[in-house]
Structure formats: structure tokens, C-alpha cells
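I have opened a new page for this structure and want to take it piece by piece. Here is the model, followed by my notes.

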Amino acid sequence: DQSILVYLGQKISIDTHARVISLLRLLEAEPVPGVRNLHPAYCSILVDFDALKLTHKELTEILRDYIARSSTVRLPDSKEVEIPVCYGGKLGPDLDEVAALHGITPARVAELHASITYVVYFLGFVPGFAYLGELPASLETPRLPVPRRNTPPGSVGIADRQTGIYPFDTPGGWRIIGCTPLAMFHHDRKNMSSPAAMSLLAAGDRVRFTPISAEQFRAMKKP
């Protein structure tokens with residue numbers, strides 16, 4: 001009763017992502033009085049509003065105007081972030097199983113995973129968890145049948161055609177193939193104007209994974 005879900009496409013794609021980000025940036029640049037929060041996803045934006053200030057009908061008409069104008073929004077150049085990852089072993093407990101499912105070696109899984117540039121579609125699940133896509137088709141892998149109770153922070157997981165990095169120790173059902181020593185979310189990051197600003201990654205960023213050794217992981221891991 002206090003939100004509107006705006007769909008900008010029906011399937012995950014770069015074009016749909018661009019429409020989502022364009023509308024998001026316009027709503028951030030020209031805030032609508034009474035709108036409380038914006039929650040972007042793969043193909044949509046959930047707009048939360050104060051029902052004492054706006055009705056669904058009023059906000060729908062306002063949003064139609066924003067959608068019409070969003071196609072002219074000029075998006076800034078994407079930030080590219082390099083994420084070092086130590087694949088396999090205790091840091092990537094599902095790597096061998098993923099390799100077996102696809103009939104390839106664990107080294108080949110890591111090579112494929114680090115072979116492309118990913119798009120940050122949105123942040124969700126927990127603060128700082130970035131949904132990245134899309135995996136190479138040859139790595140498409142279902143979630144674990146039973147989620148883990150605990151997934152260590154920095155764990156790099158895959159699920160279906162997605163990959164992502166767990167910022168905290170949380171339950172999780174993605175298959176963990178490695179871990180990064182970088183902190184994905186930190187309360188003392190600079191320019192913390194919002195929870196999103198505390199995240200290393202933001203919607204629209206580009207991500208490259210770089211394989212590192214266990215020794216490099218330990219050297220880079222902050223206490």
C-alpha cells in the first residue's frame with residue numbers, strides 16, 4: 001500500500017539494465033517529494049512512498065513522466081573494479097563440485113569465471129551484496145540443494161548465470177568457488193551519504209576478477 005513496482009523489461013539484459021539505471025539516476029537527481037526509497041533490481045525499480053503525501057494514482061502519473069524523460073539521461077562512464085580472488089581449497093569449497101558438474105577441471109572453472117567483465121546489476125539480499133552477470137553459459141550452475149547456515153565474508157559464489165560476493169557471514173545457497181580479501185562493505189568508507197555508499201560496488205559498475213594465490217590472499221587480507 002506504500003510502494004509501486006516499475007518494470008522496465010521482462011528479462012535480464014544490458015539494455016534493460018541501462019533503462020533501470022537511467023530511471024534510477026533521474027529519480028536521484030530530481031527527487032519526488034514523498035518518495036522514501038528506491039530499490040533497483042534486474043528489470044525493475046521498487047519505489048517506496050509516504051501514503052500520507054502521495055496516492056498510487058498521483059505517483060503513477062509522476063513516474064510515467066520520469067520514464068518518458070529517462071531515455072535522455074546521460075549516464076557517467078562506468079567504474080571498473082578489479083577484485084582479487086583465491087579460487088578453491090578451503091576458500092572455495094564448491095569449486096571441485098562445480099568442475100565435476102561441468103566435466104572440466106577446477107582450474108578451468110576459475111579461468112572461465114575470471115575471463116569476462118561483469119556488470120553490477122543491483123545490490124540486495126544484504127547491504128553490499130552485488131548481483132553480477134552474466135556468467136559464461138558454460139558455467140551456469142544451480143544453487144546448492146540446501147543453503148549453508150554460514151558463508152564467510154568475501155566468499156565468491158555462483159548461482160545460475162549470476163555471480164556475487166558475500167560481504168558478511170550470512171546463510172547462503174550459492175556455490176562458493178573462491179574468496180576475496182577485499183572488504184565489500186565497510187561502515188567507515190569515505191563519502192558515506194547512504195548505505196549504498198558504504199559498498200565497494202554500486203549498480204552500473206564493471207567488475208573483473210583476478211586470480212591470486214593463497215599466499216597473496218593472506219598478505220592482502222586485513223585483520
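**Entry 1: strand β5 and its partners**

I began with β5, which pairs with β12 in the antiparallel sense over two bridges. Strands pair here if DSSP finds at least two bridges between them. Strands are DSSP runs of E with at least two residues, helices are runs of H or I with at least four, and both are numbered from the N terminus. I should say early that this is a predicted model, where local features need pLDDT of at least 70 and side-chain atom pairs count only at pLDDT 80 or more, while totals for chains, interfaces and linings use all residues. Residues are numbered from 1 along each chain as its sequence is written, and side-chain values use heavy atoms, with hydrogens and water left out.

Which residue of β12 is the bridge partner of Y118? I found V207. On β6, β5 has an antiparallel partner over four bridges, and there V119 has G133 as its bridge partner.

I then checked how covered β5 is: five of its six residues are buried. Buried means under 20% relative accessible area, exposed means over 50%, and partly exposed lies in between (1.4 Å probe, protein chains only).

**Entry 2: the turn after β5**

β5 and β6 form a hairpin with six residues between them. In that loop I looked at F125, whose phi is near 70°, a positive value in a residue other than glycine. G124 sits in the loop between β5 and β6 too. Is G124 buried or exposed? Its relative accessibility is 16%, so G124 counts as buried. Setting aside neighbours within four places in sequence, G124 is in contact with F129 and Y131; contact means heavy atoms within 4.5 Å. I also noted that the C-alpha atoms of G124 and H39 are separated by 8.6 Å, though their places lie 85 residues apart along the chain.

Past β6 I met a cis peptide bond between G133 and E134, with omega about -15°. E134 belongs to the loop between β6 and β7 (148-151).

**Entry 3: another positive phi**

D160, in the loop between β8 and β9 (162-165), has a positive phi of about 55° although it is not a glycine. D160 has a relative accessible area of 30%, so I wrote it down as partly exposed.

**Entry 4: the cores**

Next I looked for nonpolar cores, meaning sets of buried Ala, Val, Leu, Ile, Met, Phe, Trp, Tyr and Cys residues joined through side-chain atoms within 4.5 Å. The largest has 25 residues, of which I83, Y87, L132, L201, V207 and F209 touch the most other members. Elements that each supply at least two residues of this core include β4 (80-87), α3 (95-102), β5 (118-123) and β12 (206-211). Which strand gives the largest share? That is β4, with four residues. Another core lies apart from it, with 18 residues, among them V47, F49, Y66 and A203.

V47 turned up again in β3, where I4 stands opposite it. Five bridges join β1 to β3, and the two run antiparallel. β1 has a covered face, I4 and V6, and an uncovered one, S3, L5 and Y7. I reminded myself that side chains in a regular strand alternate between the two faces of the sheet.

**Entry 5: helix α2**

Y66 led me to α2, residues 56-70, which has 15 residues and reaches 20 Å from its first C-alpha to its last, close to the 21 Å expected at 1.5 Å a residue. The expected span is 1.5 Å times one less than the number of residues. The buried residues of α2 are L59, L63, Y66 and S70. Why do they line one face? Seen down the axis of α2, they fall within an arc of 55°, so they share one face of the helix. The arc is that of the directions from the helix axis to the C-beta atoms. The face turned away from them carries the exposed residues K57, R64 and A68. Covering the buried residues are, among others, β1 (3-7), α1 (14-29), β2 (35-40) and β3 (44-49).

**Entry 6: cysteines**

How many disulfides does a search of the whole structure find? Zero, with a disulfide taken as a pair of cysteine sulfur atoms within 2.5 Å. For C86, the nearest cysteine sulfur is that of C179, 8.1 Å away. C86 is buried, with a relative accessible area of 6%.
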